[in-house]
Amino acid sequence: MAQNNGEAGSKTDPSLQRTTEMQEKTNINGDLPPPPHTIFDTILVLDFGSQYTHLITRRLRELNVYSEMLPCTQKVKDLPFKPKGVILSGGPYSVYAPDAPHVDPDVFALDVPILGICYGLQELAWHHGKDVLAGAKREYGHAALQLEKHVGKEAHVSKLFEGLPDEMDVWMSHGDKLGRLPDGFVTVATSANSSFAGIAHESKEYYGVQFHPEVTHTPRGVEVIKNFAANICKARQDWTMEAFVDKEIARIRGLVGDKGQVIGAVSGGVDSTVAAKLMQEAIGDRFHAVLVDNGVLRKDEAKTVEKTLTAGLGINLTVLDKSQLFLGLLKDVTDPEKKRKIIGNTFIECFQEEAEKIAKEAENTPRAGKIEWFLQGTLYPDVIESISFKGPSATIKTHHNVGGLPEKMRLKLIEPLRELFKDEVRELGTSLGIPEDLVWRHPFPGPGIAIRIIGEVTPEKVRIVQEADQIFIEEIRKAGLYQQISQAFAALFEGKAVGVVGDQRLHGHVVGLRAVQTTDFMTADAFEFEWKVLRQVRNRIGNEVDGVARVFYEISSKPPATIELE
């Protein structure tokens, strides 16, 4: 990838050639490049509060069809784009209840195909006859779906199920059902408990399914979604990270200008690394990355990140060693929320101090403007949670986010990843030339090891967790399991236990190992290791990490547990 060291308009910069098409779409008044929904064919997903709604959007993106999710209360007159099609999600409500959410009737005046899923099917029916009622039996779990041929010029299967077998295994999750076919619709699928498991309008491109095609429990559900988006809506399958790079580099350059500068925090994780590399591609050394070593990072993390980002990726990075400051403030603190707040607030103070220093130095740099922008690694799941019909979830624990920083520093936010899911960020990282081991690195929490130590954080406990964690990850990699696991780490339980080292009694620490598999980090389950892997990890920790008496493997799922300990 080409680098641009501050001359955004240079004709010799080869990376500019990739943005030609995007820049041509910038209007003659010099406005910023348009958002994705004005460039890519877009399927609009309207959320009725289902726990699966975000999966609909993900499945569409996986099919290279761009999609956006908005709450079901979205007014069509305020919609900033016309979608190629609309999907009505599932939801926990009954459409006939007095306080049930309903879609804006103008959705049906858009003259685009509509697919209703579960509650969405019932909402579709509600607008075409209102005959929805409570079922005698709730249908939850696997069900056999039978496709029904309906009569046109000749009996045929609905376009929604084109290329699929006459009987399919699907996932149901509903209590209500249709009392009869809505006006103008025909039955295109049934199940043992649902006479109208699939319906289609006779003259309009309106479809409804009672099952959930977006979940993995419906093995061929993605084909149903593809039939709707690509074949019925005729949406182009051109949403790729290569296209996104072009669009985003043009957008960043348009926002920042030829002389503007950006500052941002990096952690060494995939999100901040990809965001930093994207900024470096767009504006070169006018992006200032800052890593604050808070003393509770992984073993040798600061050195590793510095080497990777500067020498490996050419990013302009400053490393601040504030480990003694953070560890001093954490002394005697045992409450996890207090730990998070101490680390978050102190990080802001350190970062602000460095930002002011960089800004002063930048004032005297030829051709450079003021630092006006702050890079933040917001992802699309964060956006989805904030716009969900149900609203943001209850606070289980405070997330370590520097979202309050720009207001205090009077900086404007720039969020290049806010339209992407985690898997898209990884794909983007690969397209930017970031090494695979970095792209697939497991998440690491902002408060770091501090929330992997139950109780007080001390230098000795940090050392033990760092060393045990390094061994655990090394053995996972040796076993070829790293990319099969979504997140793995070592932690330290509170208190001590009795052990024996040689012929001596040891009253030592208790290490807990945690490894989970998940697709979205909203739910997760413990990874099932072969015993020989855990035995090797146990032996190495016992032999190599001084002060450890016992090692446990923690098997809680999420829910009820969270992935991190605190």
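Helices (H or I, at least four residues) and strands (E, at least two) are DSSP runs, numbered from the N terminus. The exercises below use these names for a predicted model.

**Exercise 1. Describe the make-up of the protein chain, and state how many of its residues are buried as a percentage.**

Solution.
Step 1. Start with the elements: the protein chain has 15 helices and 20 strands.
Step 2. Turn to burial. Of the 566 residues in the protein chain, 54% are buried.
Step 3. Look at the contacts with a separation of 6 or more: in 77% of them, the residues are 24 or more positions apart.

**Exercise 2. Find the order of the strands in the open sheet of 5 strands, and find the helix that packs on the sheet.**

Solution.
Step 1. Reading across the open sheet, the order is β14-β13-β12-β15-β16, and the pairing is parallel.
Step 2. The edges are β14 (317-321) and β16 (412-414), each of which pairs on one side only.
Step 3. From one strand to the next, the twist averages 30°.
Step 4. Helix α7 (residues 301-312) packs on this sheet and touches β13 (287-293) and β14. The direction of α7 makes about 170° with that of β14.
Step 5. Check one pair in detail. Strand β15 (residues 371-375) runs parallel to β16, and 3 bridges join them. One residue to locate is Leu 375, whose bridge partner in β16 is Ile 414.

**Exercise 3. Place strand β4 (residues 114-117) among its partners and say which way its residues point.**

Solution.
Step 1. Sort the residues by direction. Ile 114 and Gly 116 point one way, while Leu 115 and Ile 117 point the other way. All of these residues are buried.
Step 2. Take the pairing with strand β3 (residues 85-88): the two strands run parallel and are joined by 3 bridges. Here Ile 114 of β4 has Val 86 opposite.
Step 3. Take the pairing with strand β11 (residues 206-209), which is also in the parallel sense and has 4 bridges. In β11, Val 209 is the bridge partner of Ile 117.

**Exercise 4. Decide whether His 128 is buried or exposed, and list what it touches.**

Solution.
Step 1. Locate the residue: His 128 sits in the loop between α3 (119-126) and β5 (132-147).
Step 2. Apply the cut-off. A residue is buried under 20% relative accessible area. The relative accessible area of His 128 is 14%, so His 128 is buried.
Step 3. List the contacts. Leaving out residues up to four places away in sequence, His 128 touches Phe 108, Pro 182, Asp 183, Phe 185 and Tyr 206.

**Exercise 5. Identify the buried residues of helix α12 (residues 422-431) and some of what covers them.**

Solution.
Step 1. The buried residues of α12 are Glu 424, Val 425, Arg 426, Leu 428 and Gly 429.
Step 2. Their cover includes α2 (53-62), α5 (241-256), α6 (270-283) and α13 (436-439).
Step 3. Continue just past the end of α12, where Gly 433 has a positive phi of about 85°.

**Exercise 6. Describe the second largest pocket by volume and lining.**

Solution.
Step 1. The volume of the second largest pocket is about 560 Å³.
Step 2. Its lining has 23 residues, and those nearest the centre are Arg 298, Glu 301, Thr 304, Arg 441 and Arg 477.
Step 3. Two or more lining residues come from each of α7, α13 and α14 (459-478). The largest share, 6 residues, belongs to α14.
Step 4. Sorted by class, the lining holds 8 nonpolar, 6 polar and 9 charged residues.

**Exercise 7. Pick out unusual backbone angles, given that most residues other than glycine have a negative phi and most peptide bonds are trans.**

Solution.
Step 1. Asn 64 has a positive phi, near 65°. Asn 64 belongs to the loop between α2 and β2 (66-71), and its relative accessibility of 29% makes Asn 64 partly exposed.
Step 2. Asp 332 also has a positive phi, near 70°. This residue is in the loop between α8 (323-330) and α9 (336-363). Its relative accessible area is 56%, so Asp 332 is exposed.
Step 3. Now check the peptide bonds. The bond between Lys 558 and Pro 559 is cis, with omega about -15°. The bond from Pro 559 to Pro 560 is cis too, with omega near 10°.
Step 4. Place the prolines: Pro 559 lies in the segment after β20 (548-553), and Pro 560 lies in the segment after β20 as well.

Terms used: Residues numbered from 1 in each chain as written. Predicted model: local features only at pLDDT ≥ 70, side-chain atom pairs only at ≥ 80, totals over all residues. Heavy atoms only, no water. Pairing = 2+ DSSP bridges. Axes fitted to C-alpha atoms, helices over the stretch in contact; angles between N-to-C directions. Contact = heavy atoms within 4.5 Å. Buried < 20%, exposed > 50% of the residue type's maximum accessible area, 1.4 Å probe, protein only. 1 Å grid on protein atoms, 1.4 Å probe; cavity = no way out; pocket = protein on both sides within 12 Å on 5 of 7 lines; lining within 4 Å. Points joined across faces, edges and corners; volume = space filled by probe spheres on them. Nonpolar A, V, L, I, M, F, W, Y, C, P; charged D, E, K, R; others polar.
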